[in-house]
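Reader: I have the structure open and would like to go through parts of it with you. Could we start with how some of the helices pack?

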There are 2 protein chains.
Amino acid sequence: MSKFTKLDLNSVTTNNRINVFNCILEGNKINRAVIAKKVGLSIPAVMSITEDLIEKGIIYAVGKGESSGGKRPEMLAVVPDRFFFIGVDVGRTSIRVVVMNNCRDIVYKVSKATESVEPDELIAQITEMTMSCISESKLPHDRVVGIGVAMPGLIERDTGRVLFSPNFGWNNISLQDELKRRLPFNVLVENANRALVIGEIKNMQPNPTSCIIGVNLAYGIGSAIVLPNGLYYGASGTSGEIGHIIVENHGSYCSCGNYGCIESIASGEAIARQARIAIANKIQTTIVEKCEGDFKKLEAKMVFDAAKEGDHLAESIVKKAADYIGKGLAIAINMLDPEQIILCGGLTLNGDFFIDMIKKAVSKYQMRYAGGNVKIVVGKSGHYATAIGGAWIVVNNIDFLSNN
Amino acid sequence: MSKFTKLDLNSVTTNNRINVFNCILEGNKINRAVIAKKVGLSIPAVMSITEDLIEKGIIYAVGKGESSGGKRPEMLAVVPDRFFFIGVDVGRTSIRVVVMNNCRDIVYKVSKATESVEPDELIAQITEMTMSCISESKLPHDRVVGIGVAMPGLIERDTGRVLFSPNFGWNNISLQDELKRRLPFNVLVENANRALVIGEIKNMQPNPTSCIIGVNLAYGIGSAIVLPNGLYYGASGTSGEIGHIIVENHGSYCSCGNYGCIESIASGEAIARQARIAIANKIQTTIVEKCEGDFKKLEAKMVFDAAKEGDHLAESIVKKAADYIGKGLAIAINMLDPEQIILCGGLTLNGDFFIDMIKKAVSKYQMRYAGGNVKIVVGKSGHYATAIGGAWIVVNNIDFLSNN
């Protein structure tokens, strides 16, 4: 690296082009003068960019707008199906695929149970689902910008290799390379929490001015950090592992190999496991009825449902989970003082009582006066949030406006 | 905030100017062609900047260099005492003031015991020490760019107000405004950990490519996060409070009002306090001799010295402190995956045995495979590190190259 940080004029140009495109996308039928004002560029600069985008078939002139005194201005809009971005959510229990067009509309989605966590078989399933989704939604291949694959675990940034995925039992699997060999498209593998959070943020608001942390409360627990210029990765791409913060010295064994991690008590998997152990030890609980006496059917949701109905065991499991999560969030607030924490993932679908418990725990553990501006909110993108985030990873990382 | 992030051409210009200045400073007698190559600018661009800097009396021509074929090029150097930056370290036990010139040389320094933590009296002492330092080192007032005051605690970023300083018992004190009223200079109040860390980084290397965390192990424990574009603050300016992460559910009372914070066990103050309590409870230890039986004289350093000599009590106190610090660092690594952690502050002056204990604890608590690129090193700036950092806060935040 050069010692002198040089601000790059090329990135200014690319950035201007993206701003103009997004402004047209959002405005839908918008004239050049309004674009110039909104994105803070001169009209000639906007003209040069729009001319290029029209030539590439990315935007088009839709007719004349209202006059504001002089000539009626030409209105511009984005060509709807010029580009497609595919997102794949590789979940422990199901795999979801979405197709997003360049108007950010989800034009196709599909979900199937995860058939195997064995690398070869899982890679085959991802390949098959992606290709069949492209053929079933009749996408011309040259309009598919790329496939963004959201995978739980530590992902090496430049290579998309899975370094370690505790919940899949994976070590050192070249997922991105393997998918590239099988698929005739750009493939980007990203940590699932990062994909999820970038999808939620795109859905909710513009970039943060300081920092937004998205926390995924699901089968496992992870997080992603978003700074003003985008996702934060860290020196080796492993940032955001909030679930593997150790909060109990002599705590439960965790799939990562340590003891007392937040995830070992508060994840969906851990919540279900604790209920199973309690039932095996003959603790009285209504969870037994909910799973019809079959441990294999026992899911975290049943524990939450029982807790809502006042079941003592379920209440204590959920309360402890909320306490651990709150401790983790308080740590994140002390360290990073974010403007917003977005809680996402399946566990957040269990309603306000759980979110309220978490918030209460946060204020117990948070340093007084620290993180005074933080807002804790719940994500909005639902079950396909991570897959949609995968598609956004492609939007954000492949310069389709210049190259096509 | 505008929804469209605009990259600013003005900041490109300012950035180029700073790069050229730093390049001349570092090169000392350097010609324009070499500057252009090093900072990645065209020769005409460099000529325009250097002409302006010469006109402002910031750099000067020192004669002709060696010819590399054609005319002998004009060599440039920085005028040594054109600007001065003053740094003040407001410590719990002593106040230190340094004067740094624009060649980054410390031309004057002074240290005095902190006479009072009562706001009015402390503000009077800072004012008095700063003014006498300026008069004793005979600085022309118009060459003093500003005073950077490093203060422990939560500091509101835009106002330099002290929101909360547990170790001083301060709440809501307008330190920056009060100093501005008393001093005829620019005054910037910054969190002491941020100042310390920015000073250490300037001393050691260029900006990080991902993230550097500096941890101050001293009377209290705090940290600062540095990203590629400089210090990270957070949404309310309170980021970096690693010392107030709670690592023990039923732990010691901490000056912040919580229980079980890292600082409550591992800070210099806490180490000394634990030894005092043990001695009061008649535990056998050689620390008693080191403080000549006088509890008031008992300092953390004596505990470290006794531990080195194999004293059991001292060993267990130091080991527990290292364990808590290691847990905090592991949390920071899991969350932020930094490229470097710089350990600074008085406790690090106790030698490798303590640093080794900390590193061992880190690897115990760190998530497997996470933070694979992190290096843990010890800072190098010694007792005046924080004051020097205060001066750097002025260098980094006041555009003295354009305004003067």
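Reader: How are H10(B) and H11(B) oriented to each other, roughly parallel or roughly perpendicular?

Author: This is a predicted model, so please read everything that follows with that in mind. The axes of helix H10 (residues 300-308) and helix H11 (residues 312-336) of chain B come within 7 Å and cross at roughly 115°, and H10(B) and H11(B) are therefore roughly perpendicular to each other. As for the hand of this packing, H10(B) passes H11(B) in a left-handed crossing.

Reader: And which residues meet there, and what classes do they fall into?

Author: From H10(B), Val303(B), Phe304(B), Ala306(B) and Ala307(B) meet Ala314(B), Glu315(B), Ile317(B) and Val318(B) of H11(B). Sorted by class, the contact of H10(B) with H11(B) has 7 nonpolar residues, no polar ones and 1 charged.

Reader: What about H8(B), at what angle does that helix cross H10(B)?

Author: Helix H8 (residues 268-280) of chain B crosses H10(B) at roughly 70°, and their axes come within 8 Å. That makes H8(B) roughly perpendicular to H10(B), and H8(B) passes H10(B) in a left-handed crossing. On the H8(B) side the contact is made by Gly268(B), Ile271(B), Ala272(B) and Ala275(B), and on the H10(B) side by Ala300(B), Val303(B) and Phe304(B). The residues of this contact between H8(B) and H10(B) divide into 6 nonpolar, 1 polar and no charged.

Reader: Ala300(B) caught my eye; is that residue buried or exposed?

Author: Ala300(B), which has its place in helix H10 of chain B, counts as buried because its relative accessibility is 11%, and the cut-off for buried is under 20%.

Reader: What is Ala300(B) in contact with, apart from its neighbours within four places in sequence?

Author: With those neighbours left aside, Ala300(B) is in contact with Gly268(B), Ile271(B), Ala272(B) and Leu347(B). If you would like a distance as well, the C-alpha atoms of Ala300(B) and Gln274(B) are separated by 9.6 Å, and these two residues are 26 residues apart along the chain.

Reader: Let me switch to chain A: at what angle do H8(A) and H10(A) pack?

Author: Helix H8 (residues 268-280) and helix H10 (residues 300-308) of chain A pack at an angle of about 70°, with their axes 8 Å apart. H8(A) and H10(A) are therefore roughly perpendicular to each other, and the crossing of these helices is left-handed. Gly268(A), Ile271(A), Ala272(A) and Ala275(A) of H8(A) make the contact with Ala300(A), Val303(A) and Phe304(A) of H10(A).

Reader: Staying in chain A, which residues of H5(A) are buried?

Author: In helix H5 (residues 175-182) of chain A, the buried residues are Leu175(A), Gln176(A) and Leu179(A). They lie on the same side of H5(A), because they cover an arc of only 95° around the axis. As general background, an α-helix has 3.6 residues a turn, so residues three or four places apart point the same way.

Reader: What do those buried residues of H5(A) pack against?

Author: They pack against helix H4 (119-136) and against several strands of chain A, namely S7 (144-151), S9 (162-165), S10 (170-173) and S11 (187-191).

Reader: Going back to chain B, what is unusual about the phi of Glu292(B)?

Author: Most residues other than glycine have a negative phi. Glu292(B) has a positive phi of about 50° although it is not a glycine. This residue sits in the loop between helix H9 (287-290) and H10 of chain B, and at 62% relative accessibility Glu292(B) counts as exposed. Tyr369(B) also has a positive phi, of about 70°, and is likewise not a glycine.

Reader: Where is Tyr369(B), and how accessible is that residue?

Author: Tyr369(B) is in the loop between helix H12 (352-365) and strand S16 (375-378) of chain B, and with a relative accessibility of 40% it counts as partly exposed.

Reader: One last residue, please: where is Glu66(A), and is its side of things buried or exposed?

Author: Glu66(A) lies in the loop between strand S2 (59-64) and strand S3 (74-78) of chain A, and at 74% relative accessibility Glu66(A) counts as exposed. From C-alpha to C-alpha, Glu66(A) and Phe85(A) are 34 Å apart in space, and 19 residues apart in sequence.

How values were computed
Residues are numbered from 1 along each chain as its sequence is written. Chains are lettered from A and ligands numbered from 1 in the order in which they are written. This is a predicted model: local features need pLDDT of at least 70, side-chain atom pairs count only at pLDDT 80 or more; totals for chains, interfaces and linings use all residues. Side-chain values use heavy atoms; hydrogens and water are left out. Helices (H or I, at least four residues) and strands (E, at least two) are DSSP runs, numbered from the N terminus. Buried means under 20% relative accessible area, exposed over 50%, partly exposed in between (1.4 Å probe, protein chains only). The arc is that of the directions from the helix axis to the C-beta atoms. Contact means heavy atoms within 4.5 Å. Axes are lines fitted to C-alpha atoms, for helices over the stretch in contact, and angles run from 0 to 180 degrees between N-to-C directions. Angles under 35 degrees count as roughly parallel, over 145 as roughly antiparallel, 65 to 115 as roughly perpendicular and the rest as oblique. A crossing is left-handed if the near helix is turned anticlockwise from the far one by less than a right angle, and right-handed if clockwise. Ala, Val, Leu, Ile, Met, Phe, Trp, Tyr, Cys and Pro count as nonpolar, Asp, Glu, Lys and Arg as charged, and the others, Gly among them, as polar.
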